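This report describes the covalent cross-links, strand pairing and charged contacts of one protein chain. The account proceeds from charged side chains to strands and then to disulfides.

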Amino acid sequence: QLQLVESGGGSVQPGGSLRLSCVVSGFTPDYRGMDYNAIGWFRQAPGKEREGISCISRTGDLVKYKDSVKGRFTVSRDNAKNTAYLQMTGLQTEDTAVYFCAAVQSTHCIIEVERWYDYWGPGTQVTVSS
């Protein structure tokens with residue numbers, strides 16, 4: 001059973017930046033290391049459904065973004081540190097949400113179907129306001 005913990009959320013003004021981290025632990029011989037897991041980033045705004053915004057394959061050679069964050073957000077990972085990152089720049093008020101990371105053993109990644117992911121973190125709040 002993997003455990004994921006997000007950090008780096010907070011309050012920023014429009015145009016500001018934040019970097020979210022997702023630390024993954026709980027690897028066992030049955031559920032192999034960070035480099036076997038794709039990571040997805042999702043968010044849920046108040047009163048809205050959770051949506052996928054980015055993902056990165058286990059090796060980092062495949063990344064995907066929702067159109068609304070493309071060009072502003074960058075996903076990356078450091079498998080040696082069991083950590084994935086979401087660098088967010090040019091934040092807008094509509095980016096206000098709870099942000100979640102999720103993991104699944106896979107060679108690729110998707111953002112369209114959240115139930116594809118097996119393990120989830122508790123989320124971190126990002127608030128963008130003036």
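Which side chain meets that of Asp-95 in a salt bridge? The partner is Arg-43, with an N to O distance of 2.9 Å. The coordinates discussed here belong to a predicted model, and the values below are computed from it.

## Salt bridges

The contact between Asp-95 and Arg-43 links distant parts of the chain, 52 residues apart. Asp-95 lies in the loop between strand 8 (83-88) and strand 9, whereas Arg-43 belongs to strand 4 (residues 37-44). Asp-95 has a relative accessible area of 0% and is therefore buried. Arg-43 is also classed as buried, because its relative accessible area is 6%, and the cut-off for this class is under 20%.

Arg-43 has a further partner in Glu-51, the closest N and O atoms of this pair being 2.7 Å apart. Glu-51 counts as partly exposed, because its relative accessibility is 24%. These contacts extend into a network of salt bridges that links Arg-43, Glu-51, Lys-66, Arg-72 and Asp-95.

The whole structure contains 6 salt bridges. One of them joins Asp-67 to Lys-70, with the closest N and O atoms 3.1 Å apart. Is Asp-67 buried or exposed? With a relative accessibility of 64%, Asp-67 counts as exposed.

Three of the salt bridges are set out below.

| Acidic residue | Basic residue | Closest N to O distance |
|---|---|---|
| Glu-51 | Arg-43 | 2.7 Å |
| Asp-95 | Arg-43 | 2.9 Å |
| Asp-67 | Lys-70 | 3.1 Å |

## Strand 9 and its partners

Strand 4, which carries Arg-43, is joined to strand 9 by 8 bridges, and the two strands run antiparallel. Within this pairing, Trp-41 stands opposite Cys-101 in strand 9.

Strand 9 also pairs with strand 11 (residues 124-128), again in the antiparallel sense, through 3 bridges. Here the bridge partner of Ala-97 is Val-126 in strand 11. A further antiparallel pairing, of 2 bridges, connects strand 9 to strand 10. In that pairing Ala-103 stands opposite Tyr-119 of strand 10.

How many of the 9 residues of strand 9 are buried? The number is 7, so strand 9 is largely enclosed by the rest of the structure.

## An open sheet of four strands

A separate topic is the sheet in which 4 strands follow the order 1-3-8-7; this sheet is open, and its pairing is antiparallel. Strand 1 (3-7) and strand 7 (73-78) are the edge strands, each of them pairing on one side only. From one strand to the next, the twist averages 15°. In general, strands of a sheet pair through backbone hydrogen bonds, in either a parallel or an antiparallel arrangement.

Strand 1 is paired with strand 3 in the antiparallel sense over 5 bridges. At one position of this pairing, Ser-7 stands opposite Ser-21 in strand 3.

## Disulfides

How many disulfides does a search of the whole structure find? The search finds 2 disulfides. With the bonded cysteines of the chain numbered in sequence order, their pairing is 1-3, 2-4.

One disulfide is formed by Cys-22 and Cys-101, whose sulfur atoms are 2.1 Å apart. This pair connects distant parts of the chain, with Cys-22 in strand 3 (residues 18-25) and Cys-101 in strand 9 (residues 97-105), 79 residues apart. The torsion about the S-S bond of Cys-22 and Cys-101 is about 75°, so this disulfide is right-handed. Both Cys-22 and Cys-101 are buried.

Another disulfide joins Cys-55 to Cys-109, with an S to S distance of 2.1 Å. This pair likewise links distant parts of the chain: Cys-55 is in strand 5 (residues 51-56) and Cys-109 is in the loop between strand 9 and strand 10 (119-120), 54 residues apart. Because the torsion about the S-S bond of Cys-55 and Cys-109 is about 65°, the disulfide is right-handed. Cys-55 counts as buried because its relative accessibility is 0%. Cys-109 is buried as well, with a relative accessible area of 0%.

Notes
Residues are numbered from 1 along each chain as its sequence is written. This is a predicted model: local features need pLDDT of at least 70, side-chain atom pairs count only at pLDDT 80 or more; totals for chains, interfaces and linings use all residues. Side-chain values use heavy atoms; hydrogens and water are left out. A disulfide is a pair of cysteine sulfur atoms within 2.5 Å. Buried means under 20% relative accessible area, exposed over 50%, partly exposed in between (1.4 Å probe, protein chains only). Two strands pair if DSSP finds at least two bridges between them. Axes are lines fitted to C-alpha atoms, for helices over the stretch in contact, and angles run from 0 to 180 degrees between N-to-C directions. A salt bridge is a side-chain nitrogen of Lys or Arg within 4 Å of a carboxyl oxygen of Asp or Glu.
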